[in-house]
Structures are given as structure tokens and as C-alpha cells.
Amino acid sequence: MLVVFVTNVLLAAISFGQCRAVINPQQSFLLNPGSQSSITRELQLGELNFLHTTDTHGWLGSHLNQANYDADWGNFVSFVSNFRHNKIGPSRDLILIDTGDKHDGNGLSDATAVNGEVSTKIFNEQDYDLLTLGNHELYTEENTVLEYFSTAISDKFKDAYVSSNVEFVMENGHLVPFGSKYRYFKTKNRKLRILAFSFMFDFQRANSRAKVTSAIVSLQQKWFKKVVSQYPESEIDVIVIFGHMPITDPDNHEINQVHSVFRTHYPNSIIQYFGGHSHVRDFAIFDKYSTGLQSGRFAETLGFLSIDDVKTSSPKFDRRYIDFNKAQFSHHSGSSLQTEKGAKLSQKIDHLRKELKLNDVVGYVPSTFYMYSKPIDSKHNIYNLLTSKVLPTLKSDKTDESKSRFTIINTGSIRYDLYEGNFTKDTEYIVSPFPNDWNFVEVPFSLAELVAAYLNDGPVLLTSMRPPEVRKRKHLPRTCPFRYDPALRKGYTTSDDDGCNGDDVIHNTELVFEVPNVVQSVELKNTNADDKVHLVFYSFIQRDILRALNHLSGKEQTSKKYTDADCCNYGGPSTKELLKQYIKGV
Ligand SMILES: *[C@@H]1O[C@H](CO)[C@@H](O)[C@H](O)[C@H]1NC(C)=O
Ligand SMILES: [Zn+2]
Ligand SMILES: [Zn+2]
């Protein structure tokens, strides 16, 4: 979960506060003498150790404009190998887990003819012990079929791939489990007996080649009763429940319901959860024998969790969020060397980036534009950039532009901050991956000017592939002390059930501002209440626009009812294209 959530009103109080971080000099560790210093919190190794990734969304080629996350998948493969050799050794165990969402968000996965065609192969070079799928493996048939055949039933992963509540639909219509429904195995060194399950959140929009059964329903089914009777509490040391489900779920409490069912069957077992989907760093304590870890998004975070004193009545859990960069990888593994396999993989990624022309420079971004960490009216806010500079460049090729115009976009259509530096083909996939069509409706000025405010008062718009973190921010997270030290970099400061000390690198606080559902660009030519204006919007929020118009105008007897028939195609380039053209011209 994110640390600080402020409204504009609170900002003043925080900015002027004297909240300098107190750092114990004995813990400090200079990574790159001469450059910025970092202070690393060490990993607390246990008998049983886990490394966890989730929601990588194609980010296997590192973050070229962000030093905090400069490791690529080859560096990660090298890290795990070095870490296993130097730190785990023969007396401990390591389990490597991923919890899905491997597409949509980066050119490396999205720029190939078949989405994920090559990135899947790169991802699968990592030697996961447990892996599964996320909802982004279930939007298109193409992705689902690729995931099933290239990963779920592959020779390498057919034992490791677990999905307890998702089924694949074969071409003949038969349902088969998407991998194994569970996995029982003994760890290599300490021979700990592990029983693993994987649950996807209750996702209702899967394509026709997959079927998701809610976790709670699937736990009532025969297969689960059979597993419970085959592996009673006496036959296991640790239950691992990993899957594409947030570990803190204040709306639906889905994971808590799963936990209740498991506790009725396994009252005294250690149950360790690994979650995903909401794109946050998070750690939850469920009870004395059970915790959950969630490891962020976009290969920014490598999650670490250890359990010590596994076979005693007071096991110890310890979590750490590792910044996904080369310096932290070499620090925690005791080696900065790439393995042969890792080096080859980094090379392969470089080649692929070139082949897909992801490095091709379109323009230069003069300074970073943020989604959350600058206020919406700041000139460093990306939505402000869009509404003040980019959307006004939209030209219709379907209608005249003599009327005043309101252009409304949903904020969920932007996926990532726009970083200072080269704007490349990859940047397009990263910042605004979704293409859009513009529609418009002609309405009185007095009505048009109320629409955005109405939509921002209501619930989050349920458009396709909306990034879930936007919704998450509606919940006020617990906060950590504000930190500012010139020697530190900006980055995550995570607040979780174990406090504010989970991040391996101590960062300066990044503020998080509330983002509305929609933002609008307003270009006025005349402002009489009855004058007709053009209200322009993404075709995929048309339902919400009509709902707003009918609600707002519905109070008058004579009011018109707006329907799809009133909406026409506006034409013109997508926001993604407009942004590119704008940056080109800067
Ligand atoms: C940015 O683009 C320029 C021109 O193509 C190139 O010379 C430079 O190396 C690029 N910078 C980075 C950090 O990739
Ligand atoms: Zn995701
Ligand atoms: Zn997801």
C-alpha cells in the first residue's frame, strides 16, 4: 500500500513540517560511492525463503528512464542464481513465485504481432517453483491459448503451474484445469512439506477459452474436499496460497473468506499468502500463523518473505520489498556478476528491443509528468498536460468545429508516469497503451459543464482493463512519517501491517494525490446557457456519459432523453497519437 495520501489541503501542512528522517548511521551502506547514497535494510533469512514477482505486465527490459528499477530479466535470473548459491546454501530453502498479469503495459510484450509471443519466452527463462495467471492472461483468446500451451502445460512448468479456480476451454469445448489445481511437494534441502493452491479473484470478463469459478465456490467442490482428506494437517508443514488476488481487499474481503475456509480445515498450519492485481506493495497479518505478501507491479519490486522456526508453535515471518535494480540485486546476493544464462538473456532482450524498434526516439520529454505525485493542477501532472496542451490539438474529420468543445477522458486510460528523457515507441505502450475512438454528442452548454463533476462524484468508471490501483487509492492507507533527506532518492515508502520499514531502500516520501475519474479540456467559443456545444469523449465511456446527461437533465419535464443514437463518431487521432505528436513538437 502506498504511504502518504494527501488532498491539496493537507499538502501545505506536510510541506512545511520539519519531518527529517532519523537514520541510524550503523545501518547505512554506500552502494555507489560518488553517486547517490542508499541505505539498505538487510534481508532476514529464515529456514524457508520466498522471492515473489507479480503484475510484471511485460516490463522485462528494465526501466530505462528510472534508475531505481534499472534491472532487466537477465539481471533477475542472475540474481536468483547468485542468491541461491551465496545466501540460501544447503541449510535453507528458496521458493520462487509469480502471480500473473504478464501482458499489457510495455512494448516488449505488446509490440509483437501476437501479444506476448516473445516476452513469454523471456519470462519463462526464470526458474519459478510456483506460477499462475492473472486477468490480463484472460482478456483475449490469443493470450489465453498462448499462456496455456506455452507455459501452463509446458515441460518446464507443468508441475509448477497452479490454478485452483480457472479452467481452460479446449477447442472441443471440454474444460480442463489451467495447470494443476494444487501442488504438493517437499523442499529440496529441509524437506519441508508444502501444499500450494492458487486463486484468481472473482473475474467475470474472461474470454470464451477460459472459465473462472469464484474461489469460495471452488472451495466447496469435491476436488478440494479430496485434497483436504489426502493431506491432513499432520502431513504438511506450510500451506502456500498464491494467486492473482489482492491481499488487502476492503471492498470484497475475498482473501479473508478464503482464509476462513482454510482455517476450518487447517486450524494450526502455517498459511502463507502471495497476492497481486492491485499493483501495490503490501503485507498483511491474518493471524499468528498466517501472513500475506504482495509485491507491487511492473518489475519495480521483488518481494522477499522468510519463515523461520517453521516447525515450532511460534513461527517468525519477515518481509522485504526489494527495489528491482542492479545495485540492490548485487547487495542482497553478494555478487554483481551476471551468470552466463542471465547475460545471454539480457542480450536477447536488447536484440528484441531493437527488432521491435522500441528504442526509436520520437521526441524528448523535458521534465517528468506524474499521475499521482503532483497535484492535478500542477504543470508537472500528466492529466494537466493532457487537458491543457494535448487534447486541444484534437481535430475532428467528421464535423465542424465552430462550437465550443468539452473533451472528457477517463484517467484510467493513462497507465504510467511520463518520465523525463527520450520519448520512444516503448513510451507509447507504457504511458497510454489503449487506442481510442472519439464520439461526441451535441448538448446545451449548461448541461455539458456539469458532466465531468457528476462523473467525479460517482463510483469509478468500469472501463476495460482499468488499472486497479486507481480504485485502491480511494481507501486512505495508513501513513508513515514524512521523510526528506537530500541524500536519498524518491521511491516507495510502504505502510503495511508490520509498519513502515519493509522497503529495502529507504526513500524520500512521494506524495500521492487523489485522481478524479475523469478530466476534461474545455475550449469555449460562446457561453450562453442554451448554446449547443460539442461534448467529446472516448467511445468506451459512452454509457457513463449518457448516464450523466440523463441524470443531469432529467429533472425537467420537457427534458430530452439521450441515447446511443445521439452520439456520433468525432474522428481524429487517439490520445496516444496526440501525445506523441505533441512531444514531437516540443
Ligand atoms: C536518447 O536518444 C538519443 C538520440 O537518439 C541517444 O543518443 C541517447 O543515447 C538516448 N538516451 C538514452 C538514455 O537512451
Ligand atoms: Zn496487473
Ligand atoms: Zn490483474
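## Zinc site and a helix contact

Asparagine 135 counts as buried at 2% relative accessibility (buried means under 20% relative accessible area, with a 1.4 Å probe and protein chains only). This is a predicted model, in which local features need pLDDT of at least 70, side-chain atom pairs count only at pLDDT 80 or more, and totals for chains, interfaces and linings use all residues. Residues are numbered from 1 along each chain as its sequence is written, chains are lettered from A and ligands numbered from 1 in the order written, and side-chain values use heavy atoms, leaving out hydrogens and water.

The zinc ion (ligand 3) has protein donors Asp101 (OD), Asn135 (OD1), His244 (NE2) and His277 (ND1), at 2.1 to 2.2 Å. Donors are N, O and S atoms within 2.8 Å of the metal (3.2 Å for Na, K and Ca); water is not among the atoms, so sites may look incomplete. Along the chain the donors follow the spacing D-x33-N-x108-H-x32-H. Aspartate 101 also bridges to the zinc ion (ligand 2), and the two ions lie 3.5 Å apart.

Three residues are buried:

| Residue | Relative accessible area |
|---|---|
| Aspartate 101 | 1% |
| Asparagine 135 | 2% |
| Leucine 546 | 8% |

Leucine 546 sits in helix H15 (residues 542–553); helices are DSSP runs (H or I) of at least four residues, numbered from the N terminus. Beyond its neighbours within four places in sequence, leucine 546 contacts Tyr562, Thr563, Asp564 and Cys567 (contact means heavy atoms within 4.5 Å). The C-alpha atoms of leucine 546 and cysteine 567 are 9.1 Å apart, with their positions 21 residues apart along the chain.

Note on methods: Buried < 20%, exposed > 50% of the residue type's maximum accessible area, 1.4 Å probe, protein only. Helix = DSSP H or I, 4+ residues; strand = E, 2+ residues; numbered from the N terminus.
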